[in-house]
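Opened the notebook for a quick look through this one. I'll jot things down in the order I looked them up.

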Amino acid sequence: MGRLVAHRLLATLPVLLLVTAGVFALLHLTPGDPIDAMMAESVDATAKEALRRELGLDRSIAVQYAAWMGRLLRGDLGRSIRTGEPVIENVSRRIRPSLQLALMAMTVSLLVAFPVALASAVRHNTAVDRAGTTFALFGICMPNFLLALLLIFLFGVTLRWLPISGYVDPLEEGWAGVRSLVLPAVTLGLALAAVITRTLRSSLLDALAEDYVRTARAKGLSEWIVIRGHVLRNALIPVVTVLGLQLGTLIGGAVITEYVFALPGVGRLVVDAVFARDYPLVQGVILLIAVGFLVSNLLVDIVYGWIDPRIRVR
Amino acid sequence: MEISRRDFVKSSAVAATAAAVGVRPEPATAQTPKKGGTLRVGFYVEAATMDPHLSGSKVDRQVYHNVYEPLVTLDTKLGIKPGLAESWSQPDAKTLVFKLRRGVKFHDGTEFNAEAAKFNFERMKTEPKSVRKGEVANVESVEVVDSHTIRLNLKRPDAALLATLTDRAGMIISPKVIQERGAELQRNAKGAGTGPFEFVEWVKDAHLIIKRNDNYWNKQGGPYLERVRYRPIPDDVVKLQSLQTGEIDVIDYVQPRDVAAAKSDKNLVVVDVPSLAAFAYQLNHHRPPFNVKALREALAYSVDVEQVVKSVWLNVGVPANGPIPPTSWAYDKSVPPIKRDLAKAKAKLAEGGQPNGFTVTMTTNNIPINIQEAEVIQAQLREAGITLKIKLVDSATLLSDGNSRNFEMISYQWSGRPDPDGNIYQFFKTTPGTSLNWSGISNPKLDELLDKTREVSNQAERKKLYTEVVKILQDELPMLYTVHPIEPKAFSPRVQGYEPIPDGMMRFKDVWLK
């Protein structure tokens with residue numbers, strides 16, 4: 001296991017290098033200038049030039065990238081052009097709500113997807129199955145922003161059960177924090193639940209058709225034990241793959257949900273930073289998101305081995 | 001970034017009509033104001049910095065106008081009244097003398113005096129990251145005459161300077177705080193101001209809190225509120241719903257599409273705040289097709305500004321005749337907006353050598369209201385035979401295209417300044433190199449007039465000059481103006497005593513909660 005992790009971590013280095021270089025180049029090739037964006041109403045060209053020099057933005061892209069890399073190797077992600085705040089502080093503040101939201105959304109999705117998929121698979125081709133499939137289709141088709149606004153309207157405005165926007169840290173204020181994350185977690189979780197339901201249902205159906213299931217039934221095992229012991233575990237692999245891919249997306253890509261619920265997460269941070277052409281901040285967040293994807297992929301590989309011993313690496 | 005659409009709309013809005021001002025929370029005199037309570041304010045974005053000298057973002061000013069005070073301030077009619085300066089005089093066109101208020105203390109306990117004011121002007125002029133340099137460029141030097149008098153010596157006459165000092169450039173920060181805190185002031189403004197409220201804390205991405213200054217120098221009226229809590233809520237729909245459900249008490253802006261519904265909600269009070277802003281399109285004078293004056297005129301005669309205001313803005317705004325909003329003393333209502341006239345447009349097309357029309361590309365923001373406006377204009381132009389291509393970009397790209405004059409017709413949104421000079425001079429004065437004069441207009445007669453508007457200090461005379469300027473602009477068409485938007489703000493009925501000032505800033509000194 002230790003060797004696997006070390007091996008995989010080493011293999012991620014070239015990926016990270018490529019990602020950062022690619023983002024750096026794309027950002028600088030995009031029209032727009034951070035100083036212009038910051039001082040839009042100022043006509044003072046000399047002041048702009050001075051600021052550009054001070055921030056090192058007058059140098060060539062290659063030199064700027066090398067300088068950024070050099071700082072990164074010393075553990076320094078630089079400072080935001082717009083606010084002057086160290087990127088690392090900004091990003092670590094934003095990662096908390098993003099991680100909490102991702103975990104809650106995943107919990108919601110699993111709580112919904114497992115019963116629905118099981119019912120669908122076990123009662124294959126019945127009304128229950130069709131209801132489950134319809135639910136999954138609905139979840140996949142429903143745009144995030146619309147679901148978010150409908151949830152807000154129902155639970156926030158009409159019933160007034162939950163706050164409709166803003167973020168409170170559950171690790172600091174407990175219940176109030178959980179409440180502030182419920183609606184966004186449900187918004188993201190339902191869409192994810194739909195994907196997981198479909199994946200799990202079809203892999204359950206495959207497993208149910210296997211010979212060992214017939215054998216187990218023939219031995220006289222109860223249906224529940226057959227499903228728990230023989231079917232479910234074998235059907236989990238594709239679900240873990242989906243979850244692993246989605247974890248990265250949930251952390252970095254929940255932009256619209258974060259926007260609607262006024263959550264200060266990573267997705268909104270990177271979008272705002274791109275609009276402001278805040279190069280160091282964009283670089284920092286992208287690096288973090290890339291690391292997030294790589295780590296979740298690594299986790300997926302480890303979980304594979306735990307679920308199915310045949311996959312364990314030599 | 002003040003010219004992004006949101007900022008800009010937010011700063012603006014034309015109450016314009018007297019009727020609009022009628023719908024405001026009951027005047028404070030109706031009941032006796034009550035002390036205490038927390039006012040919860042929802043803005044679309046959080047502040048960028050607490051240092052007024054480094055601030056380039058409009059929303060910052062919303063906080064500043066409660067924590068800091070400028071030397072002079074605005075009244076509801078955009079007249080200038082005393083602020084930290086008790087009075088001022090102008091012995092000659094190049095000298096401005098301020099008598100400063102005595103007995104004013106910064107929140108850190110240090111005294112506000114002439115030295116403090118001088119220190120601030122010098123910082124604005126010399127600090128490398130200062131965004132105020134352009135605004136105080138005409139100030140050659142600041143002299144301390146006595147402990148509470150300063151004299152500004154100007155490089156050249158500048159009739160607009162006083163109005164500039166009603167905002168960030170005139171705000172005085174505690175020199176002690178600046179020296180001791182340095183860059184940290186950007187995040188922590190404790191003790192830094194003299195205003196009716198003191199900075200308490202700013203938890204980034206969550207909230208910013210200010211509290212009542214019990215030692216405020218002005219003993220008339222407020223501050224009444226115990227605290228004000230600002231929160232960023234980026235989505236307009238959610239922001240309005242947060243107000244409706246009572247999670248917050250005030251929002252900074254209601255989208256035109258939501259205004260009718262908000263006004264019919266008995267649990268909300270909507271105030272149409274007059275604005276200084278304008279939506280316009282800069283026309284590139286150095287590139288076809290708009291290097292030909294007749295074709296610019298053909299464009300202007302083809303666009304129906306009134307219909308744009310009615311169908312896109314849902315009348316949450318008024319048609320513009322030029323850069324001066326109707327809220328300004330310099331607005332001349334005898335000059336109408338350019339009227340649509342297809343016959344004239346056809347004639348101008350022929351005159352410009354394009355009798356069958358031409359194709360032009362409009363660069364504009366990728367934001368719903370901009371897109372809608374572009375599409376309505378596109379349909380109007382089609383009837384005149386002009387084909388409009390719409391190029392949608394984000395605001396950073398828009399700025400870089402504008403600054404490099406890489407456009408034919410480009411959307412320009414200006415948040416507006418209390419003095420007309422700020423809406424006019426830098427856009428239309430001949431300027432080599434990069435400037436806000438994106439159209440590249442260079443007209444000697446206009447240049448002469450523009451300089452005159454700065455030299456003359458008599459308001460009536462300046463108004464006449466500005467009328468001439470507006471007429472030249474309608475003739476030369478460096479910009480095609482469409483609308484001066486209205487900036488509706490909405491309140492919970494508990495909120496009392498808010499007085500709308502057309503700069504869009506929400507000053508909470510006399511606000512209280514029922």
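**Entry 1: a helix and its cover**

Note to self before anything else: this is a predicted model. I began with the buried residues of H4(B), and the list I got is B:Ala114, B:Ala116, B:Ala117, B:Phe119, B:Asn120, B:Phe121 and B:Met124. Then I checked the helix itself: H4 of chain B covers residues 114-126, which makes 13 residues. From first C-alpha to last I get 18 Å, close to the 18 Å expected at 1.5 Å a residue.

Next, what covers those buried residues? My lookup returned, among others, three strands of chain B, S5 (95-100), S6 (139-146) and S7 (149-154), plus helix H6 (175-181) of that chain.

**Entry 2: the strands over the helix**

I wanted to know how those strands pair. S5(B) and S7(B) are antiparallel, with five bridges between them. S6(B) and S7(B) also came up antiparallel, joined by six bridges. The link from S6(B) to S7(B) is a hairpin, and I find two residues in it.

I then picked B:Leu152 in S7(B) and looked for its partners. B:Leu96 has B:Leu152 as its bridge partner, and B:Val142 stands opposite B:Leu152 as well. A reminder I scribbled in the margin: side chains in a regular strand alternate between the two faces of the sheet.

**Entry 3: one loop residue**

Moved on to B:Val45, which sits in the loop between strand S1 (38-43) and helix H3 (58-67) of chain B. Is B:Val45 buried, exposed or partly exposed? I count 18 other C-beta atoms within 10 Å of B:Val45, and buried would take 20 or more while exposed means 12 or fewer, so B:Val45 is partly exposed.

For its contacts I left aside the neighbours within four places in sequence, and B:Val59, B:Pro232 and B:Pro234 came back for B:Val45. I also took one long-range pair: B:Val45 and B:Gly191 are 146 residues apart in sequence, and their C-alpha atoms are 24 Å apart in space.

**Entry 4: where the chains touch**

Last lookup: how many residues does each chain put into the contact? I get 41 residues from chain B and 39 residues from chain A. On the chain B side, the elements giving two or more residues are strand S10 (227-232), helix H7 (236-244) and helix H13 (395-403). H13(B) gives the most to that side, with seven residues. Sorting the chain B side by type, I have 15 nonpolar, 16 polar and ten charged residues.

Key:
Residues numbered from 1 in each chain as written. Chains lettered and ligands numbered in written order. Predicted model: local features only at pLDDT ≥ 70, side-chain atom pairs only at ≥ 80, totals over all residues. Contact = placed C-beta atoms within 7 Å. Helix = DSSP H or I, 4+ residues; strand = E, 2+ residues; numbered from the N terminus. Nonpolar A, V, L, I, M, F, W, Y, C, P; charged D, E, K, R; others polar. Expected span 1.5 Å × (residues − 1). Pairing = 2+ DSSP bridges.
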